[in-house]
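Reader: I've got a structure to pick through with you. Mind walking me along it, one question at a time?

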Amino acid sequence: MGTAWFTAADLREVTGARQAADQEKYDDAAEIAMGKVTEECGPIPFATITDEVVEAAGSPEACLDYRATRGLVSVATYPDGVTLDVADWVVDGQVLRRKAGGSVGRVKVTYLTGYFDDTIEGARAPAWARGMAKLIGHQHVRLSKRFRISDSDDDLSGTGYLVPAAAREVARDYLLHRKVHF
């Protein structure tokens with residue numbers, strides 16, 4: 001696996017912070033920001049999602065957890081594991097369907113996702129992912145001010161969210177559709 005695609009240094013750059021004393025706060029904010037971007041958009045570095053169970057009884061389409069950005073690897077019936085021909089299936093983002101139509105049923109799917117190869121020297125996450133992480137990380141740093149007691153701090157009492165709307169706007173074309181689990 002490659003290096004982190006978003007770091008405290010990236011966050012410090014956008015916030016203009018220069019003091020080394022608060023490094024831990026920026027390390028935490030960068031890690032939290034990467035986690036939130038992944039939660040909202042799926043894996044950013046290339047990844048393989050293995051044996052995800054998808055169920056769409058009576059429906060011609062099923063929703064995957066993440067976008068299959070780099071293709072479908074395998075499809076098998078679930079739970080018995082009979083291998084199905086990948087060529088009979090099509091995946092468009094998060095949507096899986098049979099090419100010939102008909103119900104998807106219950107299948108186990110392996111697919112490739114992610115937006116860049118973090119094992120290549122100098123490779124960078126896409127601008128939208130870095131931008132989203134910067135906005136979320138900056139928001140986390142701002143919100144952490146709440147826990148300091150000082151009259152000079154900004155009043156952040158009305159700020160009760162970690163992912164600002166601007167961050168979602170930057171990544172709007174990459175946000176995941178959430179599956180409903182009952």
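Reader: Let's start with charges: how far apart, N to O, are the side chains of Glu55 and Arg106 in their salt bridge?

Author: Quick ground rules first: this is a predicted model, where local features need pLDDT of at least 70, side-chain atom pairs count only at pLDDT 80 or more, and totals for chains, interfaces and linings use all residues. Residues are numbered from 1 along each chain as its sequence is written, and side-chain values use heavy atoms, with hydrogens and water left out. A salt bridge here is a side-chain nitrogen of Lys or Arg within 4 Å of a carboxyl oxygen of Asp or Glu. For Glu55 and Arg106, the N to O distance is 3.5 Å.

Reader: How many residues apart in sequence are the parts that this pair ties together?

Author: Helices (H or I, at least four residues) and strands (E, at least two) are DSSP runs, numbered from the N terminus. Glu55 lies in strand β1 (residues 47-56) and Arg106 in strand β7, so the parts tied together are apart in sequence by 51 residues.

Reader: Which of those two counts as partly exposed?

Author: Buried means under 20% relative accessible area, exposed over 50%, and partly exposed in between (1.4 Å probe, protein chains only). Glu55 has 52%, so Glu55 is exposed. At 40% relative accessibility, the partly exposed one is Arg106.

Reader: What does Arg12 form a salt bridge with?

Author: The whole structure holds five salt bridges. In this one the closest N and O atoms are 2.8 Å apart. It links distant parts of the chain, ten residues apart: Arg12 sits in helix α1 (residues 8-15) and its partner in the loop between α1 and α2. Arg12 is buried, and so is that partner, which is Asp22.

Reader: And how far apart are the closest N and O atoms of Arg172 and Glu169?

Author: Glu169 has a relative accessible area of 45%, so Glu169 is partly exposed. Its salt bridge with Arg172 has the closest N and O atoms at 3.0 Å.

Reader: On to rings. What kind of aromatic pair do Tyr115 and Trp128 make?

Author: Rings of Phe, Tyr and Trp (its six-membered ring) pair if their centres lie within 6.5 Å; planes under 30 degrees apart count as stacked, over 60 as edge-to-face and the rest as tilted. A search of the whole structure finds four aromatic pairs. In the pair of Tyr115 and Trp128, the centres are 5.1 Å apart and the planes stand at 90 degrees, so the pair is edge-to-face.

Reader: Where does Tyr115 lie?

Author: Its partner Trp128 is in helix α3, and the pair ties together parts that are 13 residues apart in sequence. Tyr115 lies in the loop between β7 (105-113) and α3 (127-144).

Reader: Is Trp128 buried or exposed?

Author: The relative accessibility of Trp128 is 11%. That is under the 20% cut-off, so Trp128 counts as buried.

Reader: Which residue does Trp128 form a stacked pair with?

Author: The centres are 4.0 Å apart, with 5 degrees between the planes. Trp128 lies in helix α3 and the partner in the segment after α4 (165-170), so the pair ties together parts that are 46 residues apart in sequence. Ring pairs link Tyr115, Trp128 and this partner into a cluster. The partner, partly exposed with a relative accessible area of 27%, is Tyr174.

Reader: How far is Tyr26 from Ala8 in space, C-alpha to C-alpha?

Author: Tyr26 is in helix α2, and its 5% relative accessibility makes it count as buried. Tyr26 and Ala8 are 18 residues apart in sequence, yet in space, C-alpha to C-alpha, they are separated by 5.0 Å.

Reader: Now the backbone oddities: which residue is joined to Pro79 by a cis peptide bond?

Author: Pro79 is in the loop between β3 (71-77) and β4 (83-84). The omega of this cis bond is about 10 degrees, and the residue joined to Pro79 is Tyr78.

Reader: What is the positive phi of Asp51?

Author: Asp51 is found in strand β1 and, at 43% relative accessibility, counts as partly exposed. Asp51 is not a glycine, although its phi is positive, at about 55 degrees.

Reader: Last one: how many helices and strands does the protein have?

Author: From the N terminus on, the elements run α-α-β-β-β-β-β-β-β-α-α. Buried residues make up 34% of the 182 residues. The count for the protein is four helices and seven strands.
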